[in-house]
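Open the structure in your viewer and keep the selection panel at hand. The stops below say what to select and what is there.

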There are 2 protein chains.
Amino acid sequence: MDAALELLLDRGYDRFSVDEVAAKAGVAKTTLYRRWPTKDHLIVAVVARLQDSVPVEYSGDVRADLTRYLGEIAAGLNRMRQAGRPATSGDTSAGLVAEVAAAAARHADVGAAVQAMFHRRNALVLTLLERARESGELHADVEPEVVFDQLAGALYYRLLITGRPLDAAYIDRLVASVLRGASV
Amino acid sequence: MDAALELLLDRGYDRFSVDEVAAKAGVAKTTLYRRWPTKDHLIVAVVARLQDSVPVEYSGDVRADLTRYLGEIAAGLNRMRQAGRPATSGDTSAGLVAEVAAAAARHADVGAAVQAMFHRRNALVLTLLERARESGELHADVEPEVVFDQLAGALYYRLLITGRPLDAAYIDRLVASVLRGASV
(Lines give C-alpha, C1' and ligand atoms only; values in the text may rest on other atoms or scores of the structure.)
Protein backbone atom coordinates (compact mmCIF):
# COMPACT_ATOMS: atom_id res chain seq x y z
CA MET A 1 0.00 0.00 0.00
CA ASP A 2 2.89 2.36 0.69
CA ALA A 3 4.34 1.63 -2.73
CA ALA A 4 0.93 2.14 -4.34
CA LEU A 5 0.37 5.49 -2.62
CA GLU A 6 3.83 6.75 -3.52
CA LEU A 7 3.45 5.76 -7.17
CA LEU A 8 -0.08 7.13 -7.35
CA LEU A 9 0.95 10.57 -6.11
CA ASP A 10 4.02 10.56 -8.30
CA ARG A 11 2.47 9.27 -11.53
CA GLY A 12 -1.14 10.44 -11.36
CA TYR A 13 -4.10 8.37 -12.55
CA ASP A 14 -3.15 7.81 -16.20
CA ARG A 15 0.40 6.65 -15.60
CA PHE A 16 -0.35 4.60 -12.49
CA SER A 17 -0.18 0.84 -13.04
CA VAL A 18 -0.66 -2.23 -10.86
CA ASP A 19 2.35 -3.86 -12.54
CA GLU A 20 4.62 -1.06 -11.42
CA VAL A 21 3.28 -1.27 -7.86
CA ALA A 22 4.08 -4.99 -7.86
CA ALA A 23 7.62 -4.33 -9.10
CA LYS A 24 8.22 -1.57 -6.56
CA ALA A 25 6.82 -3.61 -3.65
CA GLY A 26 8.64 -6.78 -4.77
CA VAL A 27 5.53 -8.95 -4.91
CA ALA A 28 4.02 -11.03 -7.72
CA LYS A 29 1.57 -9.18 -9.95
CA THR A 30 -0.90 -12.03 -9.54
CA THR A 31 -0.95 -11.41 -5.77
CA LEU A 32 -2.14 -7.86 -6.39
CA TYR A 33 -4.58 -8.69 -9.19
CA ARG A 34 -6.19 -11.40 -7.08
CA ARG A 35 -7.11 -8.82 -4.45
CA TRP A 36 -7.60 -5.73 -6.68
CA PRO A 37 -8.73 -6.80 -10.15
CA THR A 38 -8.12 -3.36 -11.72
CA LYS A 39 -6.11 -0.27 -10.90
CA ASP A 40 -9.35 1.46 -9.88
CA HIS A 41 -9.89 -1.11 -7.13
CA LEU A 42 -6.34 -0.62 -5.90
CA ILE A 43 -6.70 3.18 -5.94
CA VAL A 44 -9.90 2.99 -3.88
CA ALA A 45 -8.05 0.85 -1.32
CA VAL A 46 -5.19 3.38 -1.18
CA VAL A 47 -7.61 6.27 -0.68
CA ALA A 48 -9.46 4.34 2.03
CA ARG A 49 -6.17 3.81 3.85
CA LEU A 50 -5.37 7.53 3.58
CA GLN A 51 -8.79 8.34 5.01
CA ASP A 52 -8.31 5.92 7.90
CA SER A 53 -5.13 7.75 8.91
CA VAL A 54 -7.25 10.77 9.93
CA PRO A 55 -8.70 10.37 13.44
CA VAL A 56 -12.26 11.57 14.12
CA GLU A 57 -13.35 12.15 17.70
CA TYR A 58 -15.51 14.69 19.47
CA SER A 59 -13.44 16.90 21.77
CA GLY A 60 -16.24 19.03 23.19
CA ASP A 61 -15.53 21.85 20.69
CA VAL A 62 -17.37 21.08 17.46
CA ARG A 63 -15.99 24.11 15.60
CA ALA A 64 -12.41 23.07 16.33
CA ASP A 65 -13.14 19.44 15.47
CA LEU A 66 -14.77 20.24 12.13
CA THR A 67 -12.07 22.75 11.21
CA ARG A 68 -9.35 20.21 11.91
CA TYR A 69 -11.15 17.36 10.13
CA LEU A 70 -11.96 19.40 7.01
CA GLY A 71 -8.39 20.66 6.97
CA GLU A 72 -7.17 17.07 6.78
CA ILE A 73 -9.68 16.23 4.05
CA ALA A 74 -8.63 19.30 2.06
CA ALA A 75 -4.95 18.40 2.45
CA GLY A 76 -5.67 14.91 1.09
CA LEU A 77 -7.72 16.31 -1.81
CA ASN A 78 -5.00 18.82 -2.64
CA ARG A 79 -2.41 16.01 -2.73
CA MET A 80 -4.64 14.04 -5.08
CA ARG A 81 -5.29 17.14 -7.19
CA GLN A 82 -1.53 17.46 -7.56
CA ALA A 83 -0.88 13.76 -8.25
CA GLY A 84 1.28 13.22 -11.32
CA ARG A 85 1.80 16.94 -11.90
CA PRO A 86 4.86 19.08 -11.32
CA ALA A 87 4.50 21.18 -8.16
CA THR A 88 4.63 24.29 -10.32
CA SER A 89 1.92 23.23 -12.77
CA GLY A 90 -0.72 25.57 -11.35
CA ASP A 91 -3.33 23.16 -12.69
CA THR A 92 -6.52 23.59 -10.64
CA SER A 93 -8.43 20.68 -12.13
CA ALA A 94 -9.56 17.79 -9.99
CA GLY A 95 -7.22 15.14 -11.41
CA LEU A 96 -7.28 11.84 -9.57
CA VAL A 97 -10.50 12.43 -7.61
CA ALA A 98 -12.46 13.08 -10.81
CA GLU A 99 -11.02 9.93 -12.39
CA VAL A 100 -12.08 7.85 -9.39
CA ALA A 101 -15.59 9.36 -9.51
CA ALA A 102 -15.78 8.53 -13.23
CA ALA A 103 -14.53 4.97 -12.64
CA ALA A 104 -17.16 4.62 -9.91
CA ALA A 105 -19.85 5.74 -12.36
CA ARG A 106 -18.60 3.34 -15.05
CA HIS A 107 -18.11 0.13 -13.08
CA ALA A 108 -20.75 -0.95 -10.58
CA ASP A 109 -18.29 -2.78 -8.32
CA VAL A 110 -15.91 0.22 -8.14
CA GLY A 111 -18.93 2.44 -7.43
CA ALA A 112 -20.04 0.15 -4.62
CA ALA A 113 -16.52 0.17 -3.13
CA VAL A 114 -16.35 3.99 -3.26
CA GLN A 115 -19.78 4.42 -1.70
CA ALA A 116 -18.96 1.86 1.02
CA MET A 117 -15.67 3.63 1.80
CA PHE A 118 -17.37 7.01 2.25
CA HIS A 119 -20.29 5.48 4.13
CA ARG A 120 -17.93 3.91 6.65
CA ARG A 121 -15.75 7.02 7.10
CA ASN A 122 -18.57 9.55 7.11
CA ALA A 123 -20.36 7.55 9.82
CA LEU A 124 -17.58 8.63 12.19
CA VAL A 125 -18.22 12.31 11.48
CA LEU A 126 -21.97 11.83 11.81
CA THR A 127 -21.35 10.34 15.26
CA LEU A 128 -19.18 13.34 16.13
CA LEU A 129 -22.03 15.67 15.12
CA GLU A 130 -24.51 13.62 17.16
CA ARG A 131 -22.28 13.94 20.21
CA ALA A 132 -22.10 17.71 19.68
CA ARG A 133 -25.89 17.77 19.44
CA GLU A 134 -26.26 15.75 22.64
CA SER A 135 -23.84 18.06 24.43
CA GLY A 136 -25.96 21.07 23.44
CA GLU A 137 -23.43 22.66 21.06
CA LEU A 138 -25.77 22.06 18.13
CA HIS A 139 -29.53 22.47 17.83
CA ALA A 140 -31.46 19.47 19.17
CA ASP A 141 -33.11 18.94 15.78
CA VAL A 142 -30.01 19.39 13.64
CA GLU A 143 -29.56 16.71 10.96
CA PRO A 144 -25.96 15.45 10.95
CA GLU A 145 -26.20 14.02 7.42
CA VAL A 146 -27.33 17.34 5.95
CA VAL A 147 -24.75 19.35 7.90
CA PHE A 148 -22.00 17.01 6.78
CA ASP A 149 -23.14 17.24 3.14
CA GLN A 150 -22.88 21.05 3.41
CA LEU A 151 -19.30 20.81 4.67
CA ALA A 152 -17.81 17.98 2.63
CA GLY A 153 -19.96 18.89 -0.37
CA ALA A 154 -18.53 22.41 -0.53
CA LEU A 155 -14.98 21.02 -0.66
CA TYR A 156 -15.71 18.44 -3.36
CA TYR A 157 -17.74 20.96 -5.37
CA ARG A 158 -14.82 23.36 -5.44
CA LEU A 159 -12.43 20.55 -6.33
CA LEU A 160 -14.54 18.81 -8.98
CA ILE A 161 -16.66 21.57 -10.48
CA THR A 162 -15.52 25.15 -9.96
CA GLY A 163 -11.78 24.51 -9.50
CA ARG A 164 -11.58 26.96 -6.59
CA PRO A 165 -8.84 26.56 -3.95
CA LEU A 166 -9.22 24.55 -0.75
CA ASP A 167 -7.22 26.33 1.92
CA ALA A 168 -7.39 27.04 5.64
CA ALA A 169 -9.01 30.46 5.17
CA TYR A 170 -11.82 28.95 3.12
CA ILE A 171 -12.39 26.17 5.65
CA ASP A 172 -12.74 28.73 8.44
CA ARG A 173 -15.34 30.64 6.42
CA LEU A 174 -17.18 27.43 5.55
CA VAL A 175 -17.36 26.11 9.12
CA ALA A 176 -18.47 29.53 10.40
CA SER A 177 -21.18 29.74 7.75
CA VAL A 178 -22.48 26.21 8.36
CA LEU A 179 -22.59 26.61 12.13
CA ARG A 180 -24.22 30.03 12.12
CA GLY A 181 -26.59 29.77 9.15
CA ALA A 182 -27.41 32.37 6.54
CA SER A 183 -30.79 33.74 7.51
CA VAL A 184 -31.54 36.53 9.95
CA MET B 1 -28.21 21.23 -29.83
CA ASP B 2 -31.64 19.59 -29.51
CA ALA B 3 -30.35 16.56 -31.37
CA ALA B 4 -27.25 16.46 -29.17
CA LEU B 5 -29.26 16.65 -25.94
CA GLU B 6 -31.66 13.96 -27.04
CA LEU B 7 -28.87 11.59 -28.06
CA LEU B 8 -26.88 12.34 -24.94
CA LEU B 9 -29.74 11.45 -22.61
CA ASP B 10 -30.61 8.41 -24.68
CA ARG B 11 -27.12 7.02 -25.22
CA GLY B 12 -25.18 8.15 -22.16
CA TYR B 13 -21.55 9.29 -22.26
CA ASP B 14 -19.87 6.20 -23.71
CA ARG B 15 -22.22 5.70 -26.63
CA PHE B 16 -22.66 9.40 -27.46
CA SER B 17 -20.88 10.48 -30.65
CA VAL B 18 -20.53 13.74 -32.56
CA ASP B 19 -20.97 11.80 -35.82
CA GLU B 20 -24.37 10.57 -34.76
CA VAL B 21 -25.42 14.08 -33.71
CA ALA B 22 -24.43 15.33 -37.18
CA ALA B 23 -26.47 12.58 -38.84
CA LYS B 24 -29.52 13.22 -36.67
CA ALA B 25 -29.36 16.99 -37.15
CA GLY B 26 -28.67 16.68 -40.87
CA VAL B 27 -25.50 18.79 -40.81
CA ALA B 28 -21.97 18.03 -41.96
CA LYS B 29 -19.72 16.46 -39.33
CA THR B 30 -17.04 19.04 -40.12
CA THR B 31 -19.45 21.83 -39.13
CA LEU B 32 -19.75 20.33 -35.67
CA TYR B 33 -16.07 19.44 -35.27
CA ARG B 34 -15.03 22.96 -36.25
CA ARG B 35 -16.98 24.38 -33.32
CA TRP B 36 -16.63 21.48 -30.84
CA PRO B 37 -13.39 19.59 -31.47
CA THR B 38 -14.34 16.62 -29.25
CA LYS B 39 -17.51 15.12 -27.84
CA ASP B 40 -16.56 16.55 -24.44
CA HIS B 41 -16.71 20.09 -25.84
CA LEU B 42 -20.12 19.40 -27.37
CA ILE B 43 -21.41 17.90 -24.10
CA VAL B 44 -20.30 20.98 -22.14
CA ALA B 45 -22.19 23.17 -24.64
CA VAL B 46 -25.31 21.03 -24.24
CA VAL B 47 -25.13 21.20 -20.45
CA ALA B 48 -24.61 24.98 -20.60
CA ARG B 49 -27.75 25.29 -22.71
CA LEU B 50 -29.69 23.17 -20.21
CA GLN B 51 -28.46 25.40 -17.40
CA ASP B 52 -29.48 28.53 -19.27
CA SER B 53 -33.04 27.26 -19.53
CA VAL B 54 -33.41 27.67 -15.75
CA PRO B 55 -34.29 31.26 -14.78
CA VAL B 56 -32.69 32.80 -11.67
CA GLU B 57 -34.24 35.88 -10.13
CA TYR B 58 -34.82 37.14 -6.61
CA SER B 59 -38.53 37.19 -5.75
CA GLY B 60 -38.27 38.59 -2.23
CA ASP B 61 -38.47 35.10 -0.68
CA VAL B 62 -35.01 33.59 -0.62
CA ARG B 63 -36.14 30.24 0.78
CA ALA B 64 -38.64 29.77 -2.04
CA ASP B 65 -36.12 30.93 -4.65
CA LEU B 66 -33.37 28.57 -3.47
CA THR B 67 -35.75 25.64 -3.13
CA ARG B 68 -37.02 26.15 -6.68
CA TYR B 69 -33.56 26.67 -8.14
CA LEU B 70 -32.02 23.64 -6.42
CA GLY B 71 -35.04 21.59 -7.48
CA GLU B 72 -34.27 22.45 -11.11
CA ILE B 73 -30.58 21.64 -10.65
CA ALA B 74 -31.44 18.31 -9.04
CA ALA B 75 -33.87 17.48 -11.86
CA GLY B 76 -31.11 18.16 -14.40
CA LEU B 77 -28.59 16.09 -12.45
CA ASN B 78 -31.04 13.22 -12.11
CA ARG B 79 -31.64 13.26 -15.88
CA MET B 80 -27.88 13.14 -16.46
CA ARG B 81 -27.49 10.39 -13.85
CA GLN B 82 -30.03 8.39 -15.81
CA ALA B 83 -28.56 9.14 -19.26
CA GLY B 84 -28.03 6.00 -21.31
CA ARG B 85 -29.60 3.74 -18.70
CA PRO B 86 -32.96 2.01 -18.69
CA ALA B 87 -35.44 3.81 -16.41
CA THR B 88 -35.57 0.69 -14.24
CA SER B 89 -31.79 0.31 -13.79
CA GLY B 90 -31.77 1.56 -10.20
CA ASP B 91 -28.15 2.59 -10.81
CA THR B 92 -27.32 5.39 -8.36
CA SER B 93 -23.89 6.23 -9.77
CA ALA B 94 -23.15 9.65 -11.19
CA GLY B 95 -22.84 8.64 -14.84
CA LEU B 96 -22.50 11.54 -17.24
CA VAL B 97 -21.63 14.21 -14.65
CA ALA B 98 -18.68 12.18 -13.39
CA GLU B 99 -17.46 11.64 -16.96
CA VAL B 100 -17.60 15.37 -17.64
CA ALA B 101 -15.70 16.09 -14.40
CA ALA B 102 -13.06 13.54 -15.42
CA ALA B 103 -12.79 15.00 -18.94
CA ALA B 104 -12.40 18.44 -17.36
CA ALA B 105 -9.56 17.11 -15.20
CA ARG B 106 -7.88 15.43 -18.18
CA HIS B 107 -8.02 18.20 -20.80
CA ALA B 108 -7.20 21.76 -19.82
CA ASP B 109 -9.46 23.33 -22.44
CA VAL B 110 -12.45 21.20 -21.40
CA GLY B 111 -11.69 22.10 -17.78
CA ALA B 112 -11.60 25.79 -18.63
CA ALA B 113 -14.93 25.51 -20.48
CA VAL B 114 -16.57 23.72 -17.53
CA GLN B 115 -15.25 26.24 -15.00
CA ALA B 116 -16.35 29.16 -17.19
CA MET B 117 -19.83 27.67 -17.58
CA PHE B 118 -20.29 27.29 -13.83
CA HIS B 119 -18.73 30.67 -13.13
CA ARG B 120 -21.19 32.40 -15.45
CA ARG B 121 -24.26 30.54 -14.17
CA ASN B 122 -23.35 30.64 -10.50
CA ALA B 123 -22.84 34.41 -10.72
CA LEU B 124 -26.61 34.71 -11.18
CA VAL B 125 -27.28 32.84 -7.95
CA LEU B 126 -24.65 34.86 -6.12
CA THR B 127 -26.47 38.00 -7.24
CA LEU B 128 -29.74 36.55 -5.98
CA LEU B 129 -28.14 35.93 -2.57
CA GLU B 130 -26.74 39.47 -2.53
CA ARG B 131 -30.21 40.86 -3.19
CA ALA B 132 -31.58 38.77 -0.34
CA ARG B 133 -28.82 40.13 1.88
CA GLU B 134 -29.60 43.73 0.87
CA SER B 135 -33.27 43.16 1.54
CA GLY B 136 -32.47 41.99 5.06
CA GLU B 137 -33.51 38.36 4.59
CA LEU B 138 -29.92 37.22 5.10
CA HIS B 139 -27.28 38.37 7.58
CA ALA B 140 -25.46 41.52 6.45
CA ASP B 141 -22.12 39.69 6.58
CA VAL B 142 -23.24 36.50 4.86
CA GLU B 143 -20.87 35.30 2.13
CA PRO B 144 -22.86 34.33 -0.98
CA GLU B 145 -20.06 32.16 -2.40
CA VAL B 146 -19.79 30.06 0.75
CA VAL B 147 -23.56 29.72 1.09
CA PHE B 148 -23.87 28.65 -2.52
CA ASP B 149 -21.04 26.10 -2.14
CA GLN B 150 -22.97 24.52 0.74
CA LEU B 151 -26.13 24.20 -1.34
CA ALA B 152 -24.80 23.16 -4.73
CA GLY B 153 -21.94 21.24 -3.11
CA ALA B 154 -24.30 19.03 -1.12
CA LEU B 155 -26.13 18.04 -4.32
CA TYR B 156 -22.98 17.26 -6.30
CA TYR B 157 -21.44 15.44 -3.33
CA ARG B 158 -24.44 13.14 -3.10
CA LEU B 159 -24.42 12.62 -6.85
CA LEU B 160 -20.69 12.09 -7.36
CA ILE B 161 -19.47 10.61 -4.08
CA THR B 162 -22.06 9.04 -1.80
CA GLY B 163 -24.67 8.10 -4.41
CA ARG B 164 -27.54 9.32 -2.21
CA PRO B 165 -30.81 10.48 -3.80
CA LEU B 166 -31.57 14.07 -4.80
CA ASP B 167 -35.27 14.62 -4.21
CA ALA B 168 -37.60 17.39 -3.07
CA ALA B 169 -37.61 16.24 0.55
CA TYR B 170 -33.82 16.41 0.71
CA ILE B 171 -33.73 19.86 -0.87
CA ASP B 172 -36.18 21.18 1.73
CA ARG B 173 -33.97 19.81 4.53
CA LEU B 174 -30.85 21.24 2.90
CA VAL B 175 -32.24 24.75 2.38
CA ALA B 176 -33.61 24.80 5.93
CA SER B 177 -30.27 23.70 7.37
CA VAL B 178 -28.25 26.23 5.35
CA LEU B 179 -30.52 29.14 6.18
CA ARG B 180 -30.82 28.36 9.87
CA GLY B 181 -27.32 27.11 10.71
CA ALA B 182 -26.33 24.23 12.95
CA SER B 183 -25.09 25.81 16.13
CA VAL B 184 -27.15 26.93 19.11
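**Stop 1: a covered helix in chain B**

Select helix H5 of chain B together with what covers its buried residues: the cover includes helix H4 (39–52), helix H6 (96–106), helix H7 (108–134), helix H8 (144–162) and helix H9 (168–180) of chain B. Bear in mind throughout that this is a predicted model.

Now show H5(B) alone, residues 62–82. At 1.5 Å a residue, its 21 residues should span 30 Å, and the end C-alpha atoms are 30 Å apart, so the expected and modelled spans agree.

Next, colour the buried residues of H5(B): B:Val62, B:Asp65, B:Leu66, B:Tyr69, B:Leu70, B:Ile73, B:Ala74, B:Gly76, B:Leu77, B:Met80 and B:Arg81. Turn the view to look down the axis of H5(B): the buried residues fall within an arc of 160°, so they line one face of the helix. The spacing in sequence fits a general rule: an α-helix has 3.6 residues a turn, so residues three or four places apart point the same way.

Past the end of H5(B), select B:Gly84, which follows the helix and has a positive phi, near 80°.

**Stop 2: between the chains**

Select the residues of each chain that touch the other; there are 52 from chain A and 52 from chain B. The two chains bury about 4,600 Å² between them, and carbon and sulfur atoms give 51% of that area. On the chain A side, pick out A:Tyr157, A:Ile161 and A:Ala182, which lose the most area to chain B, together 15% of what that side buries.

Which pairs carry the charges? The rule finds 14 salt bridges across this interface. One to display joins the side chains of A:Arg158 and B:Glu145, at 2.8 Å from N to O. Polar contacts across the interface number 31 residue pairs, both residues being at pLDDT 80 or more.

To see where the chain A side comes from, colour helices H6 (96–106), H7 (108–134), H8 (144–162) and H9 (168–180) of chain A, the elements that each give two or more residues to it. H8(A) gives the most, with 15 residues.

**Stop 3: the start of chain A**

Go to A:Met1, in the segment before helix H1 (2–11) of chain A. Is A:Met1 buried or exposed? A:Met1 is partly exposed, with a relative accessible area of 31%. Show its contacts beyond four places in sequence: A:Trp36, A:Leu42, A:Ala45, A:Val46 and A:Arg49. Finally, draw a distance from A:Met1 to A:Thr31: their C-alpha atoms are separated by 13 Å, though the residues lie 30 apart along the chain.

Definitions and conventions:
Residues numbered from 1 in each chain as written. Chains lettered and ligands numbered in written order. Predicted model: local features only at pLDDT ≥ 70, side-chain atom pairs only at ≥ 80, totals over all residues. Heavy atoms only, no water. Helix = DSSP H or I, 4+ residues; strand = E, 2+ residues; numbered from the N terminus. Expected span 1.5 Å × (residues − 1). Buried < 20%, exposed > 50% of the residue type's maximum accessible area, 1.4 Å probe, protein only. Arc of directions from axis to C-beta. Contact = heavy atoms within 4.5 Å. Buried area = accessible area lost by both parts, 1.4 Å probe. Salt bridge = Lys/Arg side-chain N within 4 Å of Asp/Glu carboxyl O. Polar contact = N/O pair within 3.5 Å; in protein donor to acceptor, adjacent residues only side chain to side chain.
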